[in-house]
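User: I am new to this structure and would like the reasoning behind the labels used for it. Please take the terms one at a time.

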Amino acid sequence: MTWQCDAACRDADPELFFPPTDDDTSLTVARHKMAVAPICGRCPVATDCLRWALDSGQDHGLWAATTPTDRRAIRRARTAGVPDPVADDEPMCPACALLFPMPAVDGQLCSRCLERRAA
Ligand code: SF4
């Protein structure tokens, strides 16, 4: 993960990004989220960070100032074919929300879904 070398949080306290609870309704998580927001807001690799957290299924911690609940919502939306404006600024397959490894025309199915459709 070379993007981590440019992370704005490299010298920040790691405990800020890992609240003792993942309960989004708690004041503790709200405080942590408010504390990391300015750091993530100026981070040059925030998109890479969010994509990595989504794709690797991180269930704990604040990644790109998103909570586990935020990321589950993004994953659910992706599954429904709704791309995230930050993480998915590249074309995605409308059937499975898989990001295309190569530039693709919006609305085009990925190779996996094309194979599934042909079978
Ligand atoms: S977006 Fe936030 S958590 Fe992610 S690398 Fe940047 S500063 Fe760290």
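Analyst: A term needed at the outset is nonpolar: Ala, Val, Leu, Ile, Met, Phe, Trp, Tyr, Cys and Pro count as nonpolar. The model discussed here is a predicted one.

User: What makes the shell around the ligand nonpolar, polar or charged by class?

Analyst: The residues around the ligand are Ala 7, Ala 8, Cys 9, Phe 17, Ile 39, Cys 40, Cys 43, Val 45, Ala 46, Cys 49, Trp 63 and Ala 64. Two or more of the shell residues come from helix H2 (27-41), and likewise from helix H3 (46-55). Set against the classes, the shell has twelve nonpolar residues, no polar ones and no charged ones.

User: Which residues does UniProt list for "binding site"?

Analyst: The unreviewed UniProt entry lists Cys 9, Cys 40, Cys 43 and Cys 49. They are spread over 41 residues of sequence, yet they cluster in space, with a largest C-alpha distance of 11.0 Å.

User: Why is Cys 9 called buried?

Analyst: The label buried requires 20 or more other C-beta atoms within 10 Å. Cys 9 has 20, so Cys 9 is buried. Cys 9 is found in the segment before helix H1 (14-17). Neighbours within four places in sequence aside, Cys 9 is in contact with Phe 17, Ile 39 and Cys 43.

User: Why does Cys 40 count as buried?

Analyst: Cys 40 has 22 C-beta neighbours inside 10 Å, and the cut-off is 20 or more, so Cys 40 counts as buried. Cys 40 is in helix H2. With neighbours within four places in sequence left aside, Cys 40 is in contact with Ala 8, Ala 46, Ala 64 and Ala 65.

Notes
Residues are numbered from 1 along each chain as its sequence is written. This is a predicted model: local features need pLDDT of at least 70, side-chain atom pairs count only at pLDDT 80 or more; totals for chains, interfaces and linings use all residues. A residue is near a molecule or strand if its C-beta atom, placed from the backbone, lies within 6 Å of it. Helices (H or I, at least four residues) and strands (E, at least two) are DSSP runs, numbered from the N terminus. UniProt positions are given in the numbering used here, feature names are shortened, and annotations may be inferred rather than shown by experiment. A residue is buried if 20 or more other C-beta atoms lie within 10 Å of its own, exposed if 12 or fewer, and partly exposed in between; C-beta atoms are placed from the backbone. Two residues are in contact if their C-beta atoms, placed from the backbone, lie within 7 Å.
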